[in-house]
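Open the model in your viewer and set it to a cartoon with residue labels available. The stops below each give a selection and then what is found there.

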Amino acid sequence: MSPVLELAGIHFAYPGRPAVLTGASLRVGAGDRIALVGPNGSGKSTLLRIAVGLLRPSAGQVTGFGRPRVTETDFQDLRRDVGLVFQDPDDQLFCPTVIEDVAFGPRNLGQGRAEALATSETVLREMDLMHLRDRVTHHLSGGEKRLVTLATVLAMRPRVLLLDEPTNALDPENAARLLAILRGLDQALVMVSHDAAFRAQLDLREVHLRAGRLAESP
Ligand SMILES: Nc1ncnc2c1ncn2[C@@H]1O[C@H](COP(=O)(O)OP(=O)(O)OP(=O)(O)O)[C@@H](O)[C@H]1O
């Protein structure tokens with residue numbers, strides 16, 4: 001079956017820095033569950049950002065749902081179906097209240113205000129987060145921000161979910177809740193996590209990023 005998301009021969013360097021990615025390739029099939037592992041600074045977050053067009057590779061190709069993605073318009077279209085949960089929630093949350101932040105994505109997808117609020121409440125309810133609905137986003141704790149960030153992405157019902165260190169700042173109870181949420185999703189999932197115990201509970205296919213390239217676990 002053709003992949004939902006494919007990165008082929010990706011090369012990337014930040015300006016004035018040595019190359020981070022030197023021919024990284026990854027195929028994500030519908031329903032695949034992948035753990036992207038590698039040492040600090042090996043380029044995992046960079047690769048996720050390239051996958052959704054927030055950074056552009058100097059060489060290589062991103063293909064989403066069978067179409068090469070090159071221009072900003074291509075990637076805007078791709079981001080409707082591929083949701084990235086950033087490592088730092090403060091990069092993703094920018095509205096005054098939780099419900100507005102969660103409704104922002106559905107509004108962008110063309111839902112009217114009432115529909116977007118209904119979609120957002122459904123997601124908050126599914127995630128058992130309705131108690132945070134009217135909270136001021138920047139007053140949330142680190143763990144609450146993490147869960148709300150995931151809600152903002154799930155509200156867009158993406159077909160592929162990219163998660164960057166989703167257990168950061170979560171206490172054991174909320175990590176268990178996140179685990180249950182992720183187990184219940186049928187989307188393709190690519191997760192960056194240094195938390196081996198958490199990864200082990202999700203039955204993920206491990207892909208290792210080493211020296212700028214990706215390799216499957218032997
Ligand atoms: N905006 C930037 N400008 C310059 N260098 C950067 C920038 N962002 C990241 N880097 C560098 O690029 C390399 C890859 O960073 P990246 O965040 O992708 O690694 P990572 O594998 O996700 O790391 P970690 O496991 O620590 O989160 C690192 O050496 C980092 O210092």
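**Stop 1: helix H1 and its end**

Start at Gly 53, which comes after helix H1 and has a positive phi, near 85°. The model is predicted, and that applies to every stop.

Now step back and select H1 itself, residues 44–51. This helix is mostly covered, with six of its eight residues buried. To see which, show Lys 44, Thr 46, Leu 47, Leu 48, Ile 50 and Ala 51.

**Stop 2: the ligand shell**

Keep Lys 44 and Thr 46 displayed, since both are among the residues around the ligand. Add the rest of the shell: Tyr 14, Arg 17, Val 20, Gly 38, Asn 40, Gly 41, Ser 42, Gly 43 and Ser 45. Coloured by class, this shell shows two nonpolar, seven polar and two charged residues.

**Stop 3: the six-stranded sheet**

Next, select the strands in the order E6-E7-E8-E3-E9-E10. They form an open sheet with mixed pairing. Which strands stand at its edges? They are E6 (82–85) and E10 (213–216); each has a single partner strand, so one side of each has no neighbour in the sheet. From one strand to the next the twist averages 20°.

Bring H1 back into view against this sheet. The helix packs on it, touching E3, E6, E7 (160–164), E8 (188–192) and E9, and its direction makes about 150° with that of E7.

Inside the sheet, zoom in on E3 (residues 33–37) and E9 (residues 205–210). These two strands run parallel and are joined by four bridges. One pair to label is Val 37 with its bridge partner in E9, His 208.

Then move to the edge strand E6. Its pairing with E7 is parallel, over four bridges, and Leu 84 stands opposite Leu 162 of E7. Are the faces of E6 covered or open? Both are covered: Val 82 and Leu 84 are buried on one side, and Gly 83 and Val 85 are buried on the other.

**Stop 4: the four-stranded sheet**

Select E2-E1-E4-E5, in that order, for an open sheet with antiparallel pairing. Here the edge strands are E2 (21–28) and E5 (67–69), each with a single partner strand, so one side of each lacks a neighbour in the sheet. The twist averages 25° from one strand to the next.

Look at E1 (residues 5–12) beside E2: the two run antiparallel, with six bridges between them. Label Leu 5, which stands opposite Val 28 in E2.

H1 belongs in this view as well. The helix lies across E1, E2 and E4 (59–64), running at about 120° to E1. H1 therefore turns up at both sheets, having been seen to pack on the six-stranded one.

**Stop 5: helices H3 and H5**

Hide the sheets and select H3 (residues 98–108) with H5 (residues 142–154). Their axes come within 7 Å and cross at roughly 30°, which means that H3 is roughly parallel to H5. At the contact, show Val 98, Asp 101, Val 102, Phe 104 and Gly 105 from H3, together with Val 148, Ala 151 and Thr 152 from H5. By class, the contact residues are five nonpolar, two polar and one charged.

**Stop 6: Arg 133**

From H5, go back along the chain to Arg 133, in the loop between H4 (113–126) and H5. Arg 133 counts as partly exposed because it has 16 C-beta neighbours inside 10 Å. Beyond its neighbours within four places in sequence, Arg 133 is in contact with Val 98, Ile 99 and Leu 124. For a sense of scale, draw a distance from Arg 133 to Ala 215: 41 Å, C-alpha to C-alpha, with the two positions 82 residues apart in sequence numbering.

**Stop 7: two loops with positive phi**

Finish with Glu 165 and Asp 203. Glu 165 is not a glycine, yet its phi is positive, about 50°. Find it in the loop between E7 and H6 (172–183). Glu 165 is partly exposed, with 18 other C-beta atoms within 10 Å.

Asp 203 is also not a glycine and has a positive phi of about 55°. Its loop runs between H7 (196–200) and E9. With 9 C-beta neighbours inside 10 Å, Asp 203 counts as exposed.

How values were computed:
Residues numbered from 1 in each chain as written. Predicted model: local features only at pLDDT ≥ 70, side-chain atom pairs only at ≥ 80, totals over all residues. Near = placed C-beta within 6 Å. Nonpolar A, V, L, I, M, F, W, Y, C, P; charged D, E, K, R; others polar. Axes fitted to C-alpha atoms, helices over the stretch in contact; angles between N-to-C directions. Parallel < 35°, antiparallel > 145°, perpendicular 65-115°, else oblique. Contact = placed C-beta atoms within 7 Å. Buried ≥ 20, exposed ≤ 12 C-beta atoms within 10 Å, placed from the backbone. Pairing = 2+ DSSP bridges.
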